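This report walks through one protein model, from its overall layout to a few chosen sites. Please look at the structure below before reading on.

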Amino acid sequence: MRHPSLIATIPLLLVLATGAAQAHAMLDHAEPRVGNKVASPPKEVTLWFTQKLEPAFSTVTVTNPAGERVDSGKARVSGNQMSIPLRPGGAGTYHVNWHVLSVDTHTTEGNFTFQVGQ
Ligand SMILES: [Cu+2]
């Protein structure tokens, strides 16, 4: 009966795999800062990640308070940094959605908001 010891090994492997997964590119910080309020609409949004990104498979979209896309559609990726120009979109809550492929070949995605107004 060797099965019980084999089964006992599987949870350990899962724990090790999860530990490795934490090396994925996660959002480290952003400008405008996550959840923050800025006085006027920013000209671009910049995101910094915990790992270098693959430019061809990393995207970010930004919508204004009316739900309209205000990003240029063309993100610039340099190392662990991704920026995208914005056109003005009024006051209120902006939504940023990002989807990136890191150099370790894992994809991650997430979103955050920032506020524009006085
Ligand atoms: Cu990873």
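Which residue in strand 8 is the bridge partner of V38? The partner is V116. The model in which this pair appears is a predicted one. V38 lies in strand 2 (residues 37–38), which runs parallel to strand 8 and is joined to it by two bridges.

**Overall layout**

The protein has one helix and eight strands. In sequence order the helix comes before the strands, giving the pattern α-β-β-β-β-β-β-β-β. The chain has 118 residues, and 30% of them count as buried. If we take contacts between residues at least 6 apart in sequence, 59% join residues at least 24 apart. The accessible surface is about 7,300 Å², and carbon and sulfur atoms account for 58% of that surface.

**Strands 7 and 8**

Strand 8 also pairs with strand 7: the two run antiparallel and are joined by 10 bridges. In this pairing, V96 stands opposite F112 of strand 8. The two strands form a hairpin with five residues between them, and in the turn T105 has a positive phi of about 70°.

In a regular strand the side chains alternate between the two faces of the sheet. Strand 8 shows such an alternation: T108, G110, F112, F114 and V116 point to one face and are buried. T107, E109, N111, T113 and Q115 point to the other face and are not buried.

**The nonpolar core**

The largest nonpolar core has 19 residues, and those touching the most other members are V45, L47, F49, V62, V96 and W98. Strand 3 (44–49), strand 4, strand 6 (81–85), strand 7 and strand 8 each give two or more residues to this core. Strand 7 provides the largest share, four residues.

L47 can serve as an example from this core. Apart from residues up to four places away in sequence, L47 touches ten listed residues, among them L27, A30, V60, M82, V96, W98 and F112.

**The copper site**

Which residues coordinate the copper ion? They are H24 through NE2, D104 through OD and H106 through ND1, at 2.0 to 2.8 Å. The spacing of these donor residues in sequence is H-x79-D-x1-H. H24 and D104 link distant parts of the chain, being 80 residues apart. H24 sits in the loop between helix 1 (3–21) and strand 1 (27–31), while D104 sits in the loop between strand 7 (92–101) and strand 8 (107–116).

**Burial of four residues**

The table gives relative accessible areas for two copper donors and two other residues.

| Residue | Relative accessible area | Class |
|---|---|---|
| H24 | 17% | buried |
| D104 | 23% | partly exposed |
| T63 | 17% | buried |
| G89 | 14% | buried |

Why does T63 count as buried? Its relative accessible area is 17%, and the term applies under 20%.

T63 belongs to strand 4 (residues 59–63). Leaving aside neighbours within four places in sequence, T63 is in contact with E68, R69, V70, T93, Y94 and H95.

G89 is in the loop between strand 6 and strand 7. With the same kind of neighbours left aside, G89 is in contact with P41, N64, P65, V70 and Y94. G89 and P65 are 24 residues apart along the chain, yet their C-alpha atoms are separated by 7.6 Å.

Conventions: Residues numbered from 1 in each chain as written. Heavy atoms only, no water. Buried < 20%, exposed > 50% of the residue type's maximum accessible area, 1.4 Å probe, protein only. Contact = heavy atoms within 4.5 Å. Areas by Shrake-Rupley, 256 points an atom, 1.4 Å probe, with all protein chains shown as cover. Donors = N, O, S within 2.8 Å, 3.2 Å for Na, K, Ca; no water. Core = buried A, V, L, I, M, F, W, Y, C linked by side-chain atoms within 4.5 Å. Pairing = 2+ DSSP bridges.
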